[in-house]
Amino acid sequence: MDGTAHLLEEVDKKLMVLLRDGRTLIGYLRSVDQFANLVLHRTIERIHVGNEYGDIPRGVFIIRGENVVLLGEIDREKENNLPLTEVSVDDILDAQRREQEQRHERHKVISKALKERGFNLNADLVPDDLY
């Protein structure tokens with residue numbers, strides 16, 4: 001089989017899908033088409049911050065194939081032995097907000113330092129791997 005036809009073998013399996021916007025979804029693949037558009041059932045959005053994670057129930061989720069960066073089957077045995085601590089949705093969203101604020105502050109410092117050296121960059125364009 002070629003291309004997205006390989007995904008037909010994954011129907012009814014529990015998959016992890018990493019999207020272009022950085023979100024991680026976990027759910028059961030119910031449908032796929034020739035464009036790799038996916039339908040996930042019993043989907044959760046998993047948010048990681050450090051060694052903690054939280055799951056937000058999302059239900060049925062339709063994903064355009066062009067937004068998929070990576071997908072793979074979840075190993076059930078390893079899923080139960082994660083080296084992470086599960087926290088409440090409120091706690092993980094708060095931790096995510098703090099992490100984003102810290103990243104924004106680092107961007108501002110770098111942008112200011114570059115500006116002082118004659119570069120005029122938008123802080124939002126500074127890649128995270130500059131740190």
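**Exercise 1.** In this predicted model, find what joins the side chains of Glu45 and Arg58, and place Glu45 in its strand.

*Solution.* Start with the pair. The side chains of Glu45 and Arg58 are joined by a polar contact of 2.7 Å. Next, place the residue. Glu45 sits in strand β3, residues 38–49.

**Exercise 2.** Decide whether Glu45 is buried or exposed, then list its contacts beyond four places in sequence.

*Solution.* Take the accessibility. Glu45 has 8% relative accessibility. Buried means under 20%, so Glu45 counts as buried. Now list the contacts. Glu45 touches Arg23, Thr24, Leu25, Gly54, Asp55, Ile56 and Arg58.

**Exercise 3.** Work out how β3 pairs with β2 and with β4.

*Solution.* Take β2 first. Strand β2 covers residues 24–32 and runs antiparallel to β3, with seven bridges between them. Leu29 faces Leu40 of β3. Five residues lie between the strands of this hairpin, and Ala36 has a positive phi near 65°.

Turn to β4, residues 52–63. This strand is also antiparallel to β3, over 10 bridges. Ile44 lies opposite Pro57 in β4. Two residues separate the strands of the β3–β4 hairpin, and Gly50 in the turn shows a positive phi of about 60°.

**Exercise 4.** Locate Lys13, classify its exposure and name its contacts beyond four places in sequence.

*Solution.* Locate it: Lys13 belongs to the segment before β1 (14–19). Classify it: Lys13 is partly exposed, because its relative accessibility is 29%. Name the contacts: Lys13 meets Gly27, Tyr28, Leu29 and Glu73. Finally, add a distance. The C-alpha atoms of Lys13 and Asn37 lie 16 Å apart, with the two residues 24 apart along the chain.

Technical notes:
Residues are numbered from 1 along each chain as its sequence is written. This is a predicted model: local features need pLDDT of at least 70, side-chain atom pairs count only at pLDDT 80 or more; totals for chains, interfaces and linings use all residues. Side-chain values use heavy atoms; hydrogens and water are left out. Buried means under 20% relative accessible area, exposed over 50%, partly exposed in between (1.4 Å probe, protein chains only). Contact means heavy atoms within 4.5 Å. A polar contact is a pair of N or O atoms within 3.5 Å; within protein, one must be able to donate a hydrogen and the other to accept it, and residues adjacent in sequence count only if both atoms are side-chain atoms. Two strands pair if DSSP finds at least two bridges between them.
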